[in-house]
Amino acid sequence: MSDIKILVATHKKYDMPISDIYLPIHVGKEGKEDLGFIGDNTGDHISYKNQNYCELTALYWAWKNLDCKYIGLSHYRRYFTSANLLKRLSDKKKFELILKENEVKALLSEYDIILPKKRNYFIETVWSHYKNAHHIDDLEETKKILVEQYPEYIESFNHVMKDKSLHLYNMFVMKKESFDSYCRWLFDILFELEKRIDITSYDDYQKRIFGFISERLFNVWIEKNISKIKEMKIYSFEKIDWISKVYYFLKRKF
């Protein structure tokens, strides 16, 4: 068995890579139909929080229950790749392009973490983008928690929020010991935030708040703790509607 485990978070039945390093995990499995994958509802877990925490329920499960040397996260439709993506492959061949075990080990012998290439907002900062897309009061409360409990992170927080680009999707590969340290920090903040805010009036999209907040906090943690970063392309198995994404981005902005 490989000492690398890259979680593949999914909430539905989907083709999965056949590889020792990829571990499909059914997020939000608590009370749901069995998809045939390992669930995030065994051992110490927060599977029941999936509506609000998204793929973080898989991270929490791995933090508390998984033993390995390296750990990562992909999504059932998104994987790291070093391949040229100008030409899309057939469904049968798509897994040939995703990150392989030998690539992971080679990269992590040189770098501290593997991350997606940053998304550039161009005309917005990370802070203003969150303000236009979500409830800014929640991000302001997150900052208050950092001031109170982790003041050494405020400089990194401010720097990330003023930037115009961000690592998204909560995707990564890194050493398990670094991951454990990150999770202790992240969930301490998010569980405190959960106590302080009221999301009962939020629609289903905005109720994914802790997933949204964590994407920003992940970049803060990286800024503070990680020096050697390898950015990689993301191979999306399903076509992305960039026209709609840009349209709604501009609509929220203006």
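No disulfides turn up in this predicted model: the count is zero, taking a disulfide as a pair of cysteine sulfur atoms within 2.5 Å. Cys68 is in no such bond, and its nearest cysteine sulfur, that of Cys183, sits 11 Å away. Seen from the other end, the sulfur of Cys183 has Cys68 as its closest partner at 11 Å, which is too far for a bond. Both cysteines are buried, Cys68 with a relative accessible area of 13% and Cys183 with 0%. Here buried means under 20% relative accessible area, exposed means over 50%, and partly exposed is what lies in between (1.4 Å probe, protein chains only).

A few words on the ground rules. Since the model is predicted, local features need pLDDT of at least 70 and side-chain atom pairs count only at pLDDT 80 or more, while totals for chains, interfaces and linings use all residues. Residues are numbered from 1 along each chain as its sequence is written, and side-chain values use heavy atoms, with hydrogens and water left out.

Cys68 shows up again around Lys176, a residue of helix α7. Helices (H or I, at least four residues) and strands (E, at least two) are DSSP runs, numbered from the N terminus. Lys176 is a buried lysine, with a relative accessible area of 8%. Setting aside residues up to four places away in sequence, Lys176 touches Ala62, Trp63, Leu66, Cys68, Lys69, Tyr70 and Ile71, where contact means heavy atoms within 4.5 Å. Ala62 and Trp63 from that list are also among the buried residues of α2. Helix α2 (residues 56-65) is largely enclosed by the rest of the structure, because eight of its 10 residues are buried. Besides Ala62 and Trp63, the buried set holds Leu56, Thr57, Ala58, Leu59, Tyr60 and Trp61.

Trp61 leads on to Ile38, which lies in strand β3 (residues 38-39). Ile38 is partly exposed at 35% relative accessible area. Leaving out neighbours within four places in sequence, Ile38 is in contact with Leu23, Pro24, Ile25, His26 and Trp61. Between Ile38 and Tyr60 the C-alpha separation is 14 Å, with their positions 22 residues apart in sequence.

Helix α5 (residues 136-149) runs for 14 residues and spans 20 Å from its first C-alpha to its last, close to the expected 20 Å; that expected span is 1.5 Å times one less than the number of residues. Its buried residues are Ile136, Asp138, Leu139, Glu141, Thr142, Ile145 and Leu146. The cover over them includes α4 (126-133), α6 (154-162), α7 (176-196) and α8 (209-225). Lys144, also in α5, is partly exposed, with a relative accessible area of 45%. Its C-alpha lies 32 Å from that of Gly43, which is 101 residues away along the chain.

Two packed helices are described by the angle between their axes and the distance between the axes. Axes are lines fitted to C-alpha atoms, for helices over the stretch in contact, and angles run from 0 to 180 degrees between N-to-C directions. Angles under 35 degrees count as roughly parallel, over 145 as roughly antiparallel, 65 to 115 as roughly perpendicular and the rest as oblique. The α5 and α6 axes come within 10 Å and cross at roughly 155°, so the two helices are roughly antiparallel. Leu139, Lys143, Leu146 and Val147 of α5 make this contact with Ile154, Phe157, Asn158 and Met161 of α6. By class, these residues are six nonpolar, one polar and one charged, with Ala, Val, Leu, Ile, Met, Phe, Trp, Tyr, Cys and Pro taken as nonpolar, Asp, Glu, Lys and Arg as charged, and the others, Gly among them, as polar.

For α4 and α5, the axes come within 8 Å and cross at roughly 135°, so this pair is oblique. Trp127, Tyr130 and Lys131 in α4 meet Ile136, Asp138, Leu139 and Glu140 in α5. That contact divides into four nonpolar, no polar and three charged residues.

Finally, the backbone. Phe122 is not a glycine, yet has a positive phi of about 60°; Phe122 lies in the loop between β7 (119-120) and α4 and is exposed at 63% relative accessibility. Tyr169, likewise not a glycine, has a positive phi of about 75°. Tyr169 is in the loop between β8 (165-166) and β9 (172-175), and is buried at 18% relative accessibility.
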